Amino acid sequence: MKAAIFVGPGQLELQEIPDPHAGPGEVVIKVGANTVCGTDGRILRGEKSKGIDQGVVLGHEFAGYVTEVGSGVEGFAEGELIGGVPTIPCLRCYYCQHGKEHLCTDAMIIGYRVNGGLAEYMKFPREAIERRTVFHAAEGLTPAEVALAEPLGCVLNGASQYRTQVGDTVVIIGAGPIGLLHAQVNRLFGASQIIVSDPSEPRRQIAEQFGATHTVDPTATDLDGFVRDLTDGLGAHVVVVCIGHPGLVQQGFEIARKGGTVNAFAGFSKTSLAEVDPNLIHYGELRVTGASNASRASHKRALRLIGEGKIDVKSLHTHTFALDDVVEGIEFAQTGEGIKVAVSPDGK
């Protein structure tokens, strides 16, 4: 089969490798869609390689149809559409034992240590089936919608860190796919004002469709002043940084109100360092949080919200590339011309 192989930092090659087959406890799917993450772009640019095994098939936002069920596996049948959380927790480490399995120190991560979804077929290892990281899709969903439960699960994890309350003012910096998901989630959680900051006019218009009550071009309007004007000079209850530029962390501190929360959701380059004014944290009693990955519970919740129509991910999927054009697809996803790009074996 064809598969996109991580050869080394900044190197991705489409290669022919043996088709996977289901051994005892395993399940094989024909990939229906693997959506492209910003992290895939960082991998392609050579900005991220830590924790990724050379020779692995990339792709961690995946869904497909069961083609083979190994002996001893129950609850899966050929033809079913399934997806899963890429982080397979060890269930033994400190974090797994203390309710933080998404921070597992010995996780098997699909697309990093286990072959992922940028291929024609993909195999779920026995550990994924036994530890219940694989989920059935609700009837009527497309593979791309099921794959997008992965980033939504991560957003739900982030939201559990910054804890929006009904009536809050939330500022989301960045109107990429992740920022648009945060806008929808905060609308669902009852935020009264959702302010999305992005220099792209088309993206700002899309953000309004996904629940933003206000949008700002930060290159033309002072974001801090805009937020203060809307909040009687107080600032935002919650600020979510969805773009991996270090300077935006400081901006988040500046526009948060005293006692507010700033969430560094975006992934940053391993060489990135941010200069911040610690007095804003000290005197403002700010709460600073991060967000990394998603637990099984977050992923399952994401699939349920998608299946119930509470979160619209279908409209986020704007472009599909064939596996033969995987590098072009990842590069296109970084241009901002579309919203969410999927890669499928046949490009459909």
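These are my notebook entries on a predicted model, covering a parallel sheet, the helices on it and a few single residues.

**Entry 1. The parallel sheet**

I started with the strand order. Six strands make up an open sheet, and I read the order as β12-β11-β10-β13-β14-β15, with parallel pairing. I then looked at the edges. β12 (214-216) and β15 (287-290) each have a single partner strand, so one side of each has no neighbour in the sheet. I also looked up the twist: on average, neighbouring strands of this sheet are turned by 20° against each other, direction ignored.

**Entry 2. Strand β10**

Next I went to β10 (169-173). How many residues of β10 are buried? Five of the five are, so the strand is largely enclosed by the rest of the structure. I checked the two faces separately. In a regular strand the side chains alternate between the two faces of the sheet. On one side of β10 I find Thr169, Val171 and Ile173, and on the other Val170 and Ile172; all are buried, and both faces are covered.

I then followed the partners of β10. With β11 (residues 193-197) it pairs in the parallel sense over five bridges. Within that pairing, isoleucine 172 stands opposite valine 196 of β11. The chain gets from β10 to β11 by way of helix α6 (residues 177-188), and this β-α-β crossover is right-handed. On β13, β10 has a parallel partner joined to it by four bridges. There, valine 171 has valine 239 of β13 as its bridge partner.

**Entry 3. The β15 edge and the helices on the sheet**

I moved to the edge at β15. Four bridges pair β15 with β14 (residues 256-264), again in the parallel sense. One residue pair I noted is asparagine 263 with its bridge partner threonine 289 in β15.

Which strands does helix α5 touch? Helix α5 (residues 149-162) packs on the sheet and touches β13 (236-241), β14 and β15, and its direction makes about 160° with that of β15. Helix α9 (residues 247-255) packs on the sheet as well, touching β10, β13, β14 and β15. The direction of α9 makes about 155° with that of β14.

**Entry 4. α5 against α11**

I looked at how α5 meets α11 (residues 296-307). Their axes come within 8 Å and cross at roughly 115°. That makes α5 roughly perpendicular to α11. The crossing of the two helices is right-handed. From α5 I listed Ala149, Glu150, Leu152, Gly153, Leu156 and Asn157 in the contact. On the α11 side these meet Ser298, His299, Arg301, Ala302, Leu303, Leu305 and Ile306.

**Entry 5. Glutamate 150**

I picked out one residue of that contact. Glutamate 150 is in helix α5. Is glutamate 150 buried or exposed? Its relative accessibility is 8%, so it counts as buried, the cut-off being under 20%. Leaving aside residues up to four places away in sequence, glutamate 150 touches His60, Glu61, Pro86 and His299. I also took the C-alpha separation of glutamate 150 and serine 295, which is 9.9 Å although they are 145 residues apart along the chain.

**Entry 6. Two positive phi values**

I looked for unusual backbone angles. Most residues other than glycine have a negative phi. Glutamate 285 has a positive phi, near 50°. Glutamate 285 sits in the loop between α10 (278-284) and β15, and it is exposed, with a relative accessible area of 65%. Asparagine 293 also has a positive value, with phi near 65°. Asparagine 293 belongs to the loop between β15 and α11. At 31% relative accessibility, asparagine 293 counts as partly exposed.

**Entry 7. Antiparallel strands β3, β4 and β5**

Last I looked at pairings earlier in the chain. β3 (residues 27-35) and β4 (residues 62-69) run antiparallel and are joined by seven bridges. In this pair, valine 31 stands opposite glycine 64 of β4. β4 also runs antiparallel to β5 (residues 81-84), with three bridges between them. The bridge partner of alanine 63 in β5 is glycine 83.

Conventions
Residues are numbered from 1 along each chain as its sequence is written. This is a predicted model: local features need pLDDT of at least 70, side-chain atom pairs count only at pLDDT 80 or more; totals for chains, interfaces and linings use all residues. Side-chain values use heavy atoms; hydrogens and water are left out. Two strands pair if DSSP finds at least two bridges between them. Axes are lines fitted to C-alpha atoms, for helices over the stretch in contact, and angles run from 0 to 180 degrees between N-to-C directions. Contact means heavy atoms within 4.5 Å. Buried means under 20% relative accessible area, exposed over 50%, partly exposed in between (1.4 Å probe, protein chains only). A crossover is right-handed if, with the strands pointing away from the viewer, the path from the first strand over the helix to the second runs clockwise. Angles under 35 degrees count as roughly parallel, over 145 as roughly antiparallel, 65 to 115 as roughly perpendicular and the rest as oblique. A crossing is left-handed if the near helix is turned anticlockwise from the far one by less than a right angle, and right-handed if clockwise.
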